[in-house]
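Student: Could you walk me through reading some backbone and side-chain features in a model like this one?
Tutor: Sure, let's take them one at a time.

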Amino acid sequence: MEAFSKGFNLFLMVYAVLYVGKVCGSAELYGLMVTPIRSDQQVKLHVWWNSTLPDKTSYEVTVTHVDSENCILKDSPFQNHRHIKCAPIVTSTDTTEVIIPNNDDGFVKHTCPIQLHCTYSLAVVTMNLSFKITDLIEVPDCVEGLCSCHYVEHLPALVNTSAVIDRTSNQLIVSWALDTFLETDLPANVTLKAIHVGVRRGTNNDLGWGGQHSSMKELALPTNSNTHSFDINDFPGSKFIFVIQLKVIDTRNCERAAVPLRVTLPDSDQRFHNTTASSKASCTNDTFCECDRLNSFPDFLLAARLEGSEIVVTWRPLKPVTWHQTSLTDLVELSLAIRVEETGTLLCTVTVDPTTSNTHTFLVDEFSANHGSSVLLTSTFIDANNYCERTMPTYKFQTHLSRSILLPILFILLAVSIVVIIVSCICVYYKRRSKFRWKANNWRGVYVRSSGEHHPQLAMEENRLYIDMEILNARARGDADYLEVPHSCLRIGREIGKGAFGRVFMASAVKLPGFNGPKIVAIKQLKKCSSSDEFDEFLDEITMMKKVGKHPNIVALLGCCTIKEPLTMIMEYVGCGDLVQYAPTYTMLSGTMGDEDNNSTLGSCSLEYVLDHKELHNFAKQIAFGMERLEELQITHRDLAARNILIDERKTLKISDFGLSRTGIYVNTRNKKVPLRWLSIEAMRDNLYSNKSDVWAFGIVLWEIGTLGMVFDSI
């Protein structure tokens, strides 16, 4: 009998070993597939694979750029690792399918871009088991209509480019020739499309690029063309400075540009041939004139605009005025005249001294009645003493519209406005309706009262099997992650805080990810009948805390309930209150906090209040460590203050309250209350928040610590 027993035990051991070996041998990753997809003007990778591992397995997907003949990253951003051209893209997931890069991961500095015509190495690794699968993918040069221009050096070059000004015809003549090229060097189905010619008129002859342009023009010409003429009158301006850019463009809109051309004329020639700007002085007397004096007068930039019922004319010299009056009769005046466009009838005129004033205003109502709907403004510099004048540009203005034209326009504008208002109202209605329908469909009749009716250790009774299956289904759909837990895991205790969003309770939680048995936690619940903005901001705070992860000086998110109401975030319980309550000004010395309030907030926590310079310095270091973590993740807290820094029994400080946090640089466009005493200058003036504004708030927190909580009481 004993021998039989030993033999049976040996058989069971052998069977167990074989069974375990079979199970382990069948667990594997296989069938890694990668498909490039287009997302707006970017390329992403759709990665999926097959797995026989348990459903709760977590995976880490790494994408690394591989230099190839077609795609080489030249410069490395890493000072001490020049062989590393960019940082790999790393994404964590609980499913066997992922899009890379994932916008939810935020921006990571120096990550490898997913580019067309480049090669990448992919690796999928389990985070809790030693399984790995790899693949190499080459992204094609076209993905869903988004194409690469890697071949641009094989496009034909533009040679023998030139640009000249014909002073007799007042034409700018641009010429070029198309160099030879091999069509076989271009990708299939790629042909030349057009020759792009861009001309802009500059304003500064001392700058190589011509300075800010006063006018410009662009056009596309056939590829068999080799010259084009521009009428200089089509380019308003005061300087003969023209910059010409020639490009060859193909059917993918890839382009190869030639070296920009720059053509100018001396100042004397500019005045003679610029009919739309300042022209050379001309005689007003057939027998005698001397225009050297006027020719030495500085060039002016003149502008005119219609503002309501006024035509405002302004002028300024393009260079410092070095011209001086030699006598009382040595005058150069600016003559401004308003004429009817159709007939040329003079409506009004005025003469001013351009060196002592820089603006003049015409009242349209004084001359526009019964004189058509458009007028011309002409301007001329006059040297009457020497019988010379210099003409400036002419401006055209629509002074009024006839009633027959105005009424249809008003009716059209009114109809468009009504349609826009109706469409906007419909969009807002359906947006709110869909959001509240989502909330109703995910509610299923379960609601936990959060209006002061919680009782200590009140269980949230639900069918745990049903809820667990619902969470698993939500995870499969991508609506939840591993931190999602059912409400039935919570036993809610007393209230320890409240705000506009809802209330905070102490609670006991079971089945939390990464914890065995019950754990004392703090839960924050969104209030009943919350607005859509409050609903979104609560979800944003959960997302932000998930991104932060675990850090010794930041309150950690242990779980959440988001697929059913009330929305709940489960955080670690920090039982000794915040720094404001810890300071002796509020606890021991002032005696302003009663025993009842102190017990309700801090519970049974007992701390030795030292508050010497060593302890205050240690507090400052801990806060800095926590904020350093947020800056690494490019998270702006926006509400850093002593009231949001909690302390536990070991005097470990933890940053809390991410309700106002945002990713990266944030411009606040909502009219909401903000913590004024802790705001930086740019936050108060421009509503601009960044890690620099958090540094400012950190300085105010240091002031709070040093003064034991007294911060600008008069504000």
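Student: Is Q634 buried or exposed, or somewhere in between?
Tutor: Buried means under 20% relative accessible area, exposed over 50%, and partly exposed in between, with a 1.4 Å probe and protein chains only. Q634 has a relative accessible area of 31%, so Q634 is partly exposed. Before we go on: this is a predicted model, where local features need pLDDT of at least 70 and side-chain atom pairs count only at pLDDT 80 or more, while totals for chains, interfaces and linings use all residues. Residues are numbered from 1 along each chain as its sequence is written, and side-chain values use heavy atoms, with hydrogens and water left out.

Student: What is the phi of Q634?
Tutor: Most residues other than glycine have a negative phi, and most peptide bonds are trans. Q634 is not a glycine, yet its phi is positive, about 55 degrees. You'll find Q634 in the loop between α9 and β33 (635–636); helices (H or I, at least four residues) and strands (E, at least two) are DSSP runs, numbered from the N terminus. N253 also has a positive phi, about 65 degrees, without being a glycine. N253 sits in the loop between β15 (241–250) and β16 (255–257), and with a relative accessible area of 51% it is exposed.

Student: Which residues does a cis peptide bond join?
Tutor: One such bond joins I100 and P101, with omega about -5 degrees. P101 belongs to the loop between β5 and β6 (119–126). A cis bond also joins E565 and P566, at an omega of about 0 degrees, and P566 is in the loop between β31 and β32.

Student: What is the strand order in the open sheet of three strands?
Tutor: Strands of a sheet pair through backbone hydrogen bonds, either parallel or antiparallel. Here two strands pair if DSSP finds at least two bridges between them. The order is β1-β2-β5, with antiparallel pairing, and the edge strands, each pairing on one side only, are β1 (29–39) and β5 (97–100). Strand β2 (residues 42–51) is joined to β5 by four bridges, and V47 stands opposite V98 in β5.

Student: Which residues have the most contacts inside the largest nonpolar core?
Tutor: In soluble globular proteins, nonpolar side chains tend to be buried together. A nonpolar core is a set of buried Ala, Val, Leu, Ile, Met, Phe, Trp, Tyr and Cys residues joined through side-chain atoms within 4.5 Å. The largest has 39 residues, and those with the most contacts inside it are L579, F619, I623 and L640. Its largest share, six residues, comes from α6. Domain 4 (468–572) and domain 5 (579–589 + 607–707) both contribute residues, so this core lies between them; the domain bounds come from an automatic or database domain assignment.

Student: How many aromatic pairs does the rule count?
Tutor: Rings of Phe, Tyr and Trp (its six-membered ring) pair if their centres lie within 6.5 Å; planes under 30 degrees apart count as stacked, over 60 as edge-to-face and the rest as tilted. The count comes to three aromatic pairs. W49 and Y59 form an edge-to-face pair, 5.3 Å centre to centre with 75 degrees between the planes, and both residues are buried. F230 and F235 have ring centres 6.0 Å apart and planes at 70 degrees, so that pair is edge-to-face. Together with F242, F230 and F235 form one aromatic cluster.
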